[in-house]
Amino acid sequence: MALLKGKKRDRVSTGIVGYDNMLNGGFFPGSVNLISGTSGAGKTLFCMSFLYAGAKFFKEEGVYITFEEGKDQIIKDSKSIGLDLESVADKVTILDIATLRKFFDITEELDREDSPLNISILIDLIKRNCDKAKRVVVDSIVPLSMKYPNIIEFRAHLFRLRQVLKGLNATSVFTTEIPISSNDISRFGIEDFLADSVTVLKVEPSGRKLRVHKLRGDNHEKEFINYQITYSGIQVDYLEMMFKKHNERDI
Amino acid sequence: MSEIYNKLLGLMEKYFGDLGETLLKKNLDALSITDIDTTVEAERTALIDELISECFSTIMSLAKMKMVKSKLISILSLRSSAFARNIGTEFDNARM
């Protein structure tokens with residue numbers, strides 16, 4: 001996997017060439033970032049690229065918190081795009097809440113105070129097991145919403161989660177889903193307000209596209225840009241778009 | 001609660017917090033273990049394997065898991081001494 005060294009040294013490289021360019025070098029250190037996308041857009045692989053780059057190139061510990069996809073599947077999927085998580089197993093820990101959820105049936109998940117979907121329980125697990133992590137991923141926050149009867153309560157708990165992620169001395173990413181035909185940038189309309197940056201991933205008949213919707217504290221590329229998920233990682237056509245723009249200007 | 005159960009619970013809570021007790025109980029239930037103090041070696045081994053594969057593997061690296069497995073073996077080996085103490089008491093009672 002090719003890696004762009006951050007254009008600015010005060011940025012955290014995402015490990016994805018082109019995407020780093022769109023963000024002017026990467027995420028801000030210590031920031032909480034949202035990746036929002038339709039089904040099949042590659043949200044998990046974006047997150048894994050971020051953790052893998054940290055472990056492989058910067059020797060940073062990372063934690064990936066998964067609620068729906070099991071650990072084995074994530075390792076397998078990551079390998080299919082050239083991210084060998086087993087080679088960085090000493091640096092990347094997968095907090096497999098999906099497997100822990102097996103111990104609870106649906107009623108227990110909703111009713112029990114100690115279900116893994118309770119954000120307080122999750123925060124406790126993060127504090128206990130992620131204290132050395134420099135990169136943290138929560139993928140995705142959607143199952144957590146099941147636990148909360150209304151959006152106000154869910155937002156309050158998400159805010160607590162955000163504060164904990166901020167306090168970890170790590171750069172974090174969390175994901176959310178958007179329906180395929182929707183123009184929304186988040187599932188619940190609240191996640192984007194809690195994030196320092198928002199990236200929207202879409203799968204359209206013409207291909208995969210991404211757009212940085214927001215980046216607190218800096219200017220950024222605002223157009224939709226094509227990307228591909230390949231055997232050697234995610235490739236964002238940022239430079240191609242820049243050349244195209246440049247050539248169009250010349251004409 | 002027995003000494004062994006409390007030590008197991010302490011280890012679960014160290015890594016899983018409030019979730020620890022439920023996970024321990026559910027794993028004991030899954031193996032139909034009602035009293036940890038009366039388990040035989042095969043049950044203890046199964047419990048260790050279950051806790052490692054179903055719980056600890058979900059939150060830690062392989063290296064850390066090895067450390068926790070040693071700890072589990074150490075805790076559950078207490079059963080032998082507790083068992084030996086009970087047998088010893090029974091033996092003493094029988095003699096008297």
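**Which residues lie nearest the centre of the largest pocket?**

**Figure 1. The largest pocket of this predicted model.** A:Lys71, A:Asp72, A:Ile75, B:Ser57 and B:Met60 lie nearest the pocket's centre. They belong to a lining of 20 residues. The volume of this largest pocket is about 430 Å³. Three elements each supply at least two lining residues: helix H3 (71–79) of chain A, strand S3 (92–96) of chain A and helix H4 (62–76) of chain B. Strand S3 of chain A gives the most, with four residues. By type, the lining splits into eight nonpolar, seven polar and five charged residues.

**Figure 2. The interface between chain A and chain B.** Here 20 residues of chain A meet 18 residues of chain B. The area buried between the two chains is about 1,600 Å². Carbon and sulfur atoms give 56% of that area. On the chain B side, B:Leu19, B:Lys26 and B:Thr58 lose the most area to chain A. Together these three residues account for 34% of what the chain B side buries. The size of an interface is often stated in this way, as the accessible area lost when the parts come together.

**Figure 3. Helix H6 of chain A and its cover.** Helix H6 spans residues 119–129. Its buried residues are A:Ile119, A:Ile121, A:Leu122, A:Ile123, A:Leu125, A:Ile126 and A:Asn129. What covers them? The cover includes parts of both chains. From chain A come strand S2 (62–66), strand S3, helix H4 (97–100) and helix H7. From chain B come helix H1 (3–16) and helix H2 (19–30). Look also at the start of helix H6. There, a side-chain oxygen of A:Asn118 reaches to within 2.8 Å of the backbone nitrogen of A:Ser120.

**Figure 4. The largest cavity.** How many cavities of 30 Å³ or more does the structure hold? The structure holds one. The volume of the largest cavity is about 50 Å³. Its lining consists of A:Val32, A:Ile141, A:Leu158, A:Leu161, A:Arg162, A:Leu165, A:Phe174 and A:Leu194. Helix H7 (residues 151–167) of chain A gives the most, with four residues. Seven lining residues are nonpolar, none is polar and one is charged. Empty space of this kind is found by rolling a probe the size of a water molecule over the atoms.

**Figure 5. A:Thr14 and its surroundings.** A:Thr14 sits in the segment before helix H1 of chain A. Is A:Thr14 buried or exposed? A:Thr14 is buried, because its relative accessible area is 1%, and buried means under 20%. Its side chain makes a polar contact of 2.7 Å with the side chain of A:Asp20. Leaving out residues up to four places away in sequence, A:Thr14 touches A:Tyr19, A:Asp20, A:Leu23, A:Phe27, A:Ser49, A:Phe50 and A:Ala53.

**Figure 6. A:Asn219 with A:Asn24 and A:Lys222.** A:Asn24 is in the loop between helix H1 (19–22) and strand S1 (32–37) of chain A. A:Asn24 counts as buried because its relative accessibility is 16%. A polar atom of its side chain lies 2.7 Å from the backbone oxygen of A:Asn219. The side chain of A:Asn219 has a partner too: a polar contact of 2.8 Å links it to the side chain of A:Lys222. A:Lys222 lies in the loop between strand S7 (207–215) and strand S8 (225–230) of chain A. Apart from residues up to four places away in sequence, A:Lys222 touches A:Arg211 and A:Val212. The C-alpha atoms of A:Lys222 and A:Leu210 are 9.6 Å apart, with their positions twelve residues apart along the chain.

**Figure 7. B:Leu76 within chain B.** Chain B has five helices and zero strands. Of its 96 residues, 43% are buried. One of the buried residues is B:Leu76, with a relative accessible area of 2%. B:Leu76 lies in helix H4 of chain B. Which residues does B:Leu76 contact, leaving aside its neighbours within four places in sequence? They are B:Ile4, B:Leu8, B:Ile36, B:Arg44, B:Leu47 and B:Ile48. B:Leu76 and B:Lys7 are 69 residues apart along the chain, and their C-alpha atoms are separated by 9.0 Å. Among chain B contacts between residues at least 6 apart in sequence, 60% join residues at least 24 apart.

Definitions and conventions: Residues numbered from 1 in each chain as written. Chains lettered and ligands numbered in written order. Predicted model: local features only at pLDDT ≥ 70, side-chain atom pairs only at ≥ 80, totals over all residues. Heavy atoms only, no water. 1 Å grid on protein atoms, 1.4 Å probe; cavity = no way out; pocket = protein on both sides within 12 Å on 5 of 7 lines; lining within 4 Å. Points joined across faces, edges and corners; volume = space filled by probe spheres on them. Nonpolar A, V, L, I, M, F, W, Y, C, P; charged D, E, K, R; others polar. Buried < 20%, exposed > 50% of the residue type's maximum accessible area, 1.4 Å probe, protein only. Polar contact = N/O pair within 3.5 Å; in protein donor to acceptor, adjacent residues only side chain to side chain. Contact = heavy atoms within 4.5 Å. Buried area = accessible area lost by both parts, 1.4 Å probe.
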